[in-house]
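Ready for a few exercises on reading a protein structure? Try each task yourself before you look at the solution.

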Amino acid sequence: MAMRHLHILAWGIAVLVLACGSASGTDEDHMTAEASPGKAIFNMNCTLCHGRDGKAGLNGAKDLTASTLTTEEMMAVVKNGKGAMAPYKQVLNTNEIEAVVAYVRTLGGTK
Ligand code: HEC
């Protein structure tokens, strides 16, 4: 019985947050900024070796625009690391890894 009440309460709060989010102007600005979170994540974590355009290949990194990996394969490289590249699963959550890989794929190369 207690569990059931908790569940309903949590759901109610979620609905409230969602309703507030879509009503306020500042939150819409926030949404716009979040439109390409992958870019921000990339610029913060990946440019050191891959460069802003993904082509740098510093420290033995690969030119990301020439990568032939699938989205799943890229996710695995970012999660688990490869060679000189450190794993990012402790640093980024799955959503962030998805976002940054999606951004990497916009850099070109991957067809
Ligand atoms: C310390 C330098 C370094 C950083 C920082 C780094 N990488 Fe890498 N990355 C590498 C190296 C080196 C490789 C090549 C690994 C190998 O194949 O031996 C690589 C390979 C990759 C590949 C696979 C490319 C291919 O075609 O095989 C992807 C995708 C990738 N990196 C994405 C990222 C993303 C996204 C980030 C930021 C979250 C990032 N990397 C941060 C060094 C780095």
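Two residues are in contact when they have heavy atoms within 4.5 Å of each other. Keep in mind that this model is predicted.

**Exercise 1.** Find which residues V100 is in contact with, leaving aside its neighbours within four places in sequence.

*Solution.*
- Step 1: Skip the sequence neighbours, and V100 turns out to touch G38, I41, F42, C46 and V78.
- Step 2: Now look at the largest nonpolar core, which has 15 residues. V100 is among those with the most contacts inside it, along with F42, V78, I97 and V101.
- Step 3: Check where the core comes from. Helices α3 (37-45), α5 and α6 each supply at least two of its residues, and α6 gives the most, with 6 residues.

**Exercise 2.** Work out how the buried residues of helix α5 are arranged around its axis.

*Solution.*
- Step 1: List the buried residues of α5, which spans residues 71-80: they are M74, M75, V77 and V78.
- Step 2: Look down the axis of α5. These buried residues fall within an arc of 160°, so they line one face of the helix.
- Step 3: Recall a handy rule: an α-helix has 3.6 residues a turn, so residues three or four places apart point the same way.
- Step 4: Ask what lies over the buried residues of α5. The cover includes α6 (94-106).
- Step 5: Step past the end of α5 and you meet G81, whose phi is positive, near 75°.

**Exercise 3.** Find the residues that coordinate the iron atom of the ligand, and name the arrangement around that atom.

*Solution.*
- Step 1: Two residues do the job: H50 through NE2 and M85 through SD, at 1.9 to 2.1 Å.
- Step 2: Place them in the chain. H50 sits in helix α4 (residues 47-50) and M85 in the loop between α5 and α6, 35 residues apart.
- Step 3: Take the angles. The 6 donor atoms around the iron subtend 86 to 180°, which makes the arrangement octahedral.
- Step 4: Compare with the ideal: six octahedral donors would give 90 or 180 degrees.
- Step 5: Check accessibility. H50 has a relative accessible area of 9%, so it counts as buried, while M85, at 25%, is partly exposed.

**Exercise 4.** Track down the aromatic pair and describe its geometry.

*Solution.*
- Step 1: The count comes to 1 aromatic pair, formed by F42 and Y103.
- Step 2: Their ring centres are 5.5 Å apart with 55° between the planes, and the pair is tilted.
- Step 3: F42 lies in α3 and Y103 in α6, so the pair ties together parts that are 61 residues apart in sequence.
- Step 4: Both partners are buried: F42 has a relative accessible area of 0% and Y103 has 15%.

Technical notes: Residues numbered from 1 in each chain as written. Predicted model: local features only at pLDDT ≥ 70, side-chain atom pairs only at ≥ 80, totals over all residues. Heavy atoms only, no water. Buried < 20%, exposed > 50% of the residue type's maximum accessible area, 1.4 Å probe, protein only. Helix = DSSP H or I, 4+ residues; strand = E, 2+ residues; numbered from the N terminus. Arc of directions from axis to C-beta. Core = buried A, V, L, I, M, F, W, Y, C linked by side-chain atoms within 4.5 Å. Donors = N, O, S within 2.8 Å, 3.2 Å for Na, K, Ca; no water. Tetrahedral: all angles 85-135°; square planar, octahedral: opposite > 155°, others 65-115°. Phe/Tyr/Trp six-rings, centres within 6.5 Å; stacked < 30°, edge-to-face > 60°.
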